[in-house]
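This report describes the sheet, one helix and the ligand surroundings of a single model. The sequence and structure are shown first.

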Amino acid sequence: MDLWEAILTRRSIRKFKAIQISEDLIEKILRAGMQAPSARNKQPWHFVVVRNRELLNQISVIHPYAYMLKEAPLGILICGDSKIEITIEYIVQDCSAATQNMLLAAHNFGLGAVWLGIYPREPRIKALRELLNIPPHIIPVSMIAIGYPDEKKSPENRFNPERIHYEKW
Ligand SMILES: Cc1cc2nc3c(=O)[nH]c(=O)nc-3n(C[C@H](O)[C@H](O)[C@H](O)COP(=O)(O)O)c2cc1C
């Protein structure tokens, strides 16, 4: 799949087959995350790779819209390090760029994935800190549930010329 096709056909996948994902693919997805642009090239991210069934189940309870983690063989929490990047808005943008890179990489490798919002929802941040031993200077920003897809979704055309403003608004 080339990049153009990946961008146009990626969809959120929330149903997964009970097949584990190889170490090699996990590393490639993490590599895609770390390849993202970041403000002043600070690369403030950390990734918590969760495969433990009990932990994934617990996250699906903590997070109100993460039921699919009960089936997903893999969750990756993307966090930002406030000692590396002190501006929270940049942490969020940098980690979001990493998250999108990872979604596209997963799709490229025939996996399905969905972005789960964490920041700025304090109850989710607090519960994940406790469950996954995340230190205070590390900010959980987003999570991705990943697995081999057990649903098919058609591409959606979202091109909207009304949202384009040439030269001036
Ligand atoms: C910041 C953010 C937070 C999201 N949080 C959730 C979530 O908690 N649970 C979920 O199932 N999907 C979540 N999504 C996925 C969106 O629902 C999805 O991207 C959107 O409906 C468009 O569908 P598509 O991804 O198939 O193109 C989130 C997406 C973003 C960008």
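Strand 2 and strand 4 pair in the antiparallel sense over eight bridges. Strands pair here if DSSP finds at least two bridges between them; helices (H or I, at least four residues) and strands (E, at least two) are DSSP runs, numbered from the N terminus. The model is a predicted one: local features need pLDDT of at least 70 and side-chain atom pairs count only at pLDDT 80 or more, while totals for chains, interfaces and linings use all residues. Residues are numbered from 1 along each chain as its sequence is written.

Strand 4 also pairs with strand 3, in the antiparallel sense and over six bridges. The table lists bridge partners in strand 4.

| Residue | Bridge partner in strand 4 |
|---|---|
| Ile76 | Ile144 |
| Gly80 | Ile139 |
| Gly117 | Ser142 |

These pairings belong to an open sheet of four strands in the order 1-2-4-3, with antiparallel pairing. Strand 1 and strand 3 are the edge strands, each pairing on one side only. On average, neighbouring strands of this sheet are turned by 25° against each other, direction ignored. Axes are lines fitted to C-alpha atoms, for helices over the stretch in contact, and angles run from 0 to 180 degrees between N-to-C directions.

Strand 4 is mostly covered, with ten of its ten residues buried. A residue is buried if 20 or more other C-beta atoms, placed from the backbone, lie within 10 Å of its own. Helix 2 lies across strand 1 and strand 2 and runs at about 160° to strand 1; contact requires C-beta atoms, placed from the backbone, within 7 Å.

Helix 4 comprises 21 residues (88–108), which at 1.5 Å a residue should span 30 Å, and this agrees with its end C-alpha atoms being 30 Å apart. The expected span is 1.5 Å times one less than the number of residues. Among the buried residues of helix 4 are Ile91, Asp94, Cys95, Ala98, Met102 and His107. Their cover includes helix 1 (3–9), helix 2 (23–34) and strands 1 (45–50), 2 (74–81), 3 (112–117) and 4 (138–147). Gly110 follows helix 4 and has a positive phi, near 80°.

Around the ligand stand Arg11, Ser12, Arg14, Tyr65, Val114, Trp115, Leu116 and Gly117, where a residue is near if its C-beta atom, placed from the backbone, lies within 6 Å. By class, this shell has four nonpolar, two polar and two charged residues. Ala, Val, Leu, Ile, Met, Phe, Trp, Tyr, Cys and Pro count as nonpolar, Asp, Glu, Lys and Arg as charged, and the others, Gly among them, as polar.

Notes
Buried ≥ 20, exposed ≤ 12 C-beta atoms within 10 Å, placed from the backbone. Contact = placed C-beta atoms within 7 Å.
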